[in-house]
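Okay, hi everyone, thanks for making room for me on the agenda. Let me put the structure up, and then I'll walk you through the parts I picked out.

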Amino acid sequence: MSDARVGLVIEDDHDIRELVRTVLTQAGFDVTVASSGAEGVLTAKTLNPDVITLDLGLPDIDGFEVSRQIREFSDAYIVMLTARTEELDTLIGLESGADDYLTKPFRPRELRARIAAMMRRPRSVPDQAEAPGIEASVDAAAHPERGNYSHNGLELSYASRTVTVDGTEMNLTRTEFELLHALLEAGRTVRTKADLVRRLRDEDYDVGGYISEADERSVEVHMGNLRKKLGDSPQKPRWLQTVRGVGYRLAPGEH
Ligand code: CA
């Protein structure tokens, strides 16, 4: 098996497809393209890609549905590319399982930056089973402070990328894992939404990158998805406590 990461571009517009293919190839991916939603879902099943760029407006099934279908079997990093600018579309996209979005026309360096931030995160557990622990240990070396956490019946291991709740393993996306880890790490200290956006971009410090209201809303949507998967309650949280107007923090320990 080749070491190269696999990228899948699902896009019906030829010019954009080729642009995205170029960006991913330059970032070191083995790239395959699909020009319809159905073909994209099938290809994702066969290739088990690490990264998928997904056009929202496809000729057969729309990008939301494609994302939902892919999420049933894949934890690939999904970036939605949308020509529409309505915030609502973006949020529906994230609710359907996408990790991130870019509005067309986008700058290639913007896409490169998102992909680069994703690549600095370790791979998921199923991937590790194929390539034992290599990526995870590299990342653990880069981030020695990111270890293991245990809180109210939830266990997280950064090195093995696993989360269990009362002994049951959770199937989280990379983005959800990263957000959960950020809260466990901060303990009862509040993480602002801007903090969490920076964390997802893998910026350890405030380097002055622009964070829009939509970026902060996207954190809310990912937190909502995470909450659903964990079975956590917004009213009586075991883990994810909302601090209204500010951000999130870890719920108090149970006694
Ligand atoms: Ca299109």
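I'll go through the metal site, a few strands and some helix packing. Before anything else, keep in mind that this is a predicted model.

Let's start with the calcium ion. Which residues hold it? The calcium ion is coordinated by Asp-12 and Asp-55 through OD atoms, and by Gly-57 through its O, at 2.2 to 2.4 Å. If you look along the sequence, the donors are spaced D-x42-D-x1-G. Now, are these donors buried or exposed? Asp-55 has a relative accessible area of 2%, so it's buried. Gly-57 is at 39%, which means it counts as partly exposed, since that class runs between 20% and 50%.

Next up, strand E1, which covers residues 5–10. How many of its residues are buried? That would be 6 of the 6, so the rest of the structure largely encloses E1. As a reminder, side chains in a regular strand alternate between the two faces of the sheet. Here, Arg-5, Gly-7 and Val-9 point one way, Val-6, Leu-8 and Ile-10 point the other way, and all are buried. And yes, that list of buried residues does include an arginine, Arg-5. As for partners, E1 runs parallel to strand E2, residues 29–34, and 6 bridges join them. One pair to find on the screen is Arg-5 with its bridge partner Phe-29 in E2.

On to a pair of helices. H2 is residues 37–47 and H3 is residues 63–71; their axes come within 10 Å and cross at roughly 20 degrees. An angle under 35 degrees counts as roughly parallel, so that's what we call H2 and H3. The crossing is right-handed. Who makes the contact? On the H2 side you have Gly-37, Val-41 and Ala-44, and on the H3 side Val-66, Gln-69 and Ile-70.

Okay, moving along the chain. There's an open sheet of 4 strands, in the order E6-E7-E8-E9, with antiparallel pairing. The edges are E6, at 148–151, and E9, at 168–169; each has a single partner strand, so one side of each has no neighbour in the sheet. In between, E7 (residues 154–157) and E8 (residues 162–165) pair over 4 bridges, with Ser-157 standing opposite Thr-162. Helix H8, residues 174–186, packs on this sheet and touches E6, E7 and E8, and its direction makes about 105 degrees with that of E7.

While we're here, have a look at the loop between E7 and E8, where you'll find Tyr-158. Is that tyrosine buried or exposed? Tyr-158 has 2% relative accessibility, so it counts as buried. Its C-alpha is 6.0 Å from that of Asn-148, and the two residues are 10 apart in sequence.

Last stop, the strands further on. E11, residues 240–243, runs antiparallel to E12, with 4 bridges joining the two. They make a hairpin with 3 residues between them, and Gly-245 in the turn has a positive phi of about 75 degrees. Beside that turn, Val-243 has Gly-247 as its bridge partner in E12. E12 itself is residues 247–250, and it also pairs with E10, residues 191–192, antiparallel over 2 bridges. There, Arg-191 stands opposite Tyr-248.

That's my tour, so over to you for questions.

Notes: Residues numbered from 1 in each chain as written. Predicted model: local features only at pLDDT ≥ 70, side-chain atom pairs only at ≥ 80, totals over all residues. Heavy atoms only, no water. Pairing = 2+ DSSP bridges. Contact = heavy atoms within 4.5 Å. Axes fitted to C-alpha atoms, helices over the stretch in contact; angles between N-to-C directions. Donors = N, O, S within 2.8 Å, 3.2 Å for Na, K, Ca; no water. Buried < 20%, exposed > 50% of the residue type's maximum accessible area, 1.4 Å probe, protein only. Parallel < 35°, antiparallel > 145°, perpendicular 65-115°, else oblique. Left-handed = near helix turned anticlockwise from the far one by under 90°.
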